[in-house]
Amino acid sequence: MKNYIEKEVKRTSRNKIITFILITFFIGLFIFFVQPNIINLYGNNTELKNYDELLKSYDENKVYVKSDDKSLSATNYYSTGDSTSYYYLINIEKDGKTIYILYKSNKNTHSSYSTTIEGKLVGFKQIDRDIYNKVVVEYSKKNNITLNEAYNIISQTVIVNGSHSKVFDQTFTAVLIGLMIMFTVFIIKRLLIIKDYKKDKQCKKIEELNNKEIEVLAENIDKELVKEKFIINKKNFKITENFVITRDTYSFNIRYTKDLIWFYHVRTQHYTNGIPSGKTHSIMLCFKNSNKDTKNITCKNEDEAQGYIRKISEELPN
């Protein structure tokens with residue numbers, strides 16, 4: 001076998017790279033499909049002009065809008081019985097006619113002053129249907145029209161949420177972009193480690209724990225593995241005459257058998273709703289410098305765990 005340690009570093013690095021790429025990809029998808037349009041989010045709010053442009057902005061995730069020529073006042077305020085949010089009807093042009101969209105605010109502006117429309121477009125499903133119905137009923141009474149006419153005039157597609165903080169979306173998106181950059185840096189570092197495995201932190205830890213240079217350990221373990229004389233030979237857990245090797249998806253460890261100072265069988269009882277639902281089994285290995293290096297080896301069942309304990313006791317009596 002040629003340089004087992006180098007192969008393990010490359011294996012764990014590849015697994016980490018794949019994981020980092022997937023995380024970065026899904027964060028990117030989330031930003032693209034869920035978070036507001038980046039230019040709109042960090043730039044100026046889109047001008048709210050007509051209904052078609054409103055829908056286009058919503059479809060393109062340009063969800064932060066404003067309108068300098070529309071303000072909130074007593075004439076367009078509608079009581080819904082909600083003491084924390086206030087709703088207004090804002091007129092907007094659709095096919096040459098005027099319709100209305102709902103504007104939600106957390107400020108009671110109608111009684112004291114007027115303010116410019118500015119907020120986030122949200123899907124109509126995100127508003128309580130009762131609130132919409134209350135606004136429609138009140139509008140029909142104010143204007144002496146039928147409910148059907150009121151429903152046709154007041155849009156059921158999107159509303160403008162003026163109580164939503166743009167700063168929150170800006171901060172949250174900045175954090176996500178920062179995470180993408182961080183994981184990209186991790187990917188680059190892992191690619192460099194694949195080229196020179198000795199730079200891997202795990203290699204430095206193995207050197208420290210075994211008090212041997214990584215090249216010497218690599219040479220010794222390669223000689224040991226070529227003999228194929230295993231006390232235990234599992235995919236992620238191997239014991240030879242001189243080495244204990246443990247590995248998982250993202251890491252691996254190598255220790256001299258002479259540094260194994262104790263081990264025992266771990267039985268864990270599991271419960272579901274207070275009722276015993278089974279046990280899992282593992283063995284705990286403790287090496288010198290135990291505060292830094294203990295390994296818990298998962299076993300399929302109690303027989304496998306006991307088999308490991310018996311083999312280690314018989315073959316490594318020290």
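The paragraphs below go from the overall form of the chain to its cores and then to four single residues. The structure is a predicted model.

The protein chain contains nine helices and 14 strands. Its radius of gyration is 33 Å, whereas the globule rule gives 20 Å for 318 residues, so the chain is more spread out than a compact globule. The extents of the C-alpha trace along the principal axes are about 95 × 50 × 35 Å. Of the 318 residues, 40% are buried. Among contacts with a separation of 6 or more, 59% join residues that are 24 or more positions apart.

The surface and the charges can be described briefly. The chain has an accessible surface of about 18400 Å², and carbon and sulfur atoms account for 52% of that area. There are 48 positive and 37 negative side chains. The centres of these two sets lie 4 Å apart.

Next come the nonpolar cores. The largest one has 19 residues, and L48, L54, I92 and I101 have the most contacts inside it. Two or more residues of this core come from each of helix 3 (51-59), strand 2 (64-71), strand 4 (86-94), strand 5 (97-105), strand 6 (116-123) and strand 7 (158-161). Strand 4 supplies the largest share, which is four residues. Another core lies apart from this one and has 17 residues, including I193, A218, I245 and I254.

Helix 3, one of the elements that contribute to the largest core, also holds S57. Is S57 buried or exposed? The cut-off for buried is under 20% relative accessible area. S57 has a relative accessibility of 8%, so it counts as buried. Leaving aside residues up to four places away in sequence, the contacts of S57 are with T46, K62, V63 and L121.

The loop between helix 3 and strand 2 contains N61. This residue is not a glycine, yet its phi is positive, at about 65 degrees. N61 has a relative accessibility of 16% and therefore counts as buried.

A second asparagine with a positive phi is N144, where the angle is near 55 degrees. N144 is placed in the loop between helix 4 (129-143) and helix 5 (147-153). What is the relative accessible area of N144? The value is 72%, and N144 is therefore exposed. N61, by contrast, is buried.

The last residue is N220, in helix 8 (residues 214-227). A218, one of the residues of the 17-residue core, has a number that falls in the range of helix 8, residues 214-227. N220 has a relative accessible area of 28%, so this residue is partly exposed. Not counting residues up to four places away in sequence, N220 touches F243 and Y256. Which separation do the C-alpha atoms of N220 and K2 have? They are 11 Å apart, although 218 residues separate N220 and K2 along the chain.

Taken together, the chain has a radius of gyration well over the value from the globule rule, and a core of 17 residues lies apart from the largest core. Of the residues described, S57 is buried and N61 is buried, while N220 is partly exposed and N144 is exposed.

Technical notes
Residues numbered from 1 in each chain as written. Predicted model: local features only at pLDDT ≥ 70, side-chain atom pairs only at ≥ 80, totals over all residues. Heavy atoms only, no water. Core = buried A, V, L, I, M, F, W, Y, C linked by side-chain atoms within 4.5 Å. Buried < 20%, exposed > 50% of the residue type's maximum accessible area, 1.4 Å probe, protein only. Rg over C-alpha atoms; globule rule 2.2 N^0.38 Å. Contact = heavy atoms within 4.5 Å. Areas by Shrake-Rupley, 256 points an atom, 1.4 Å probe, with all protein chains shown as cover. Lys, Arg positive; Asp, Glu negative; His and termini not counted. Charge placed at Lys NZ, Arg CZ, Asp CG, Glu CD.
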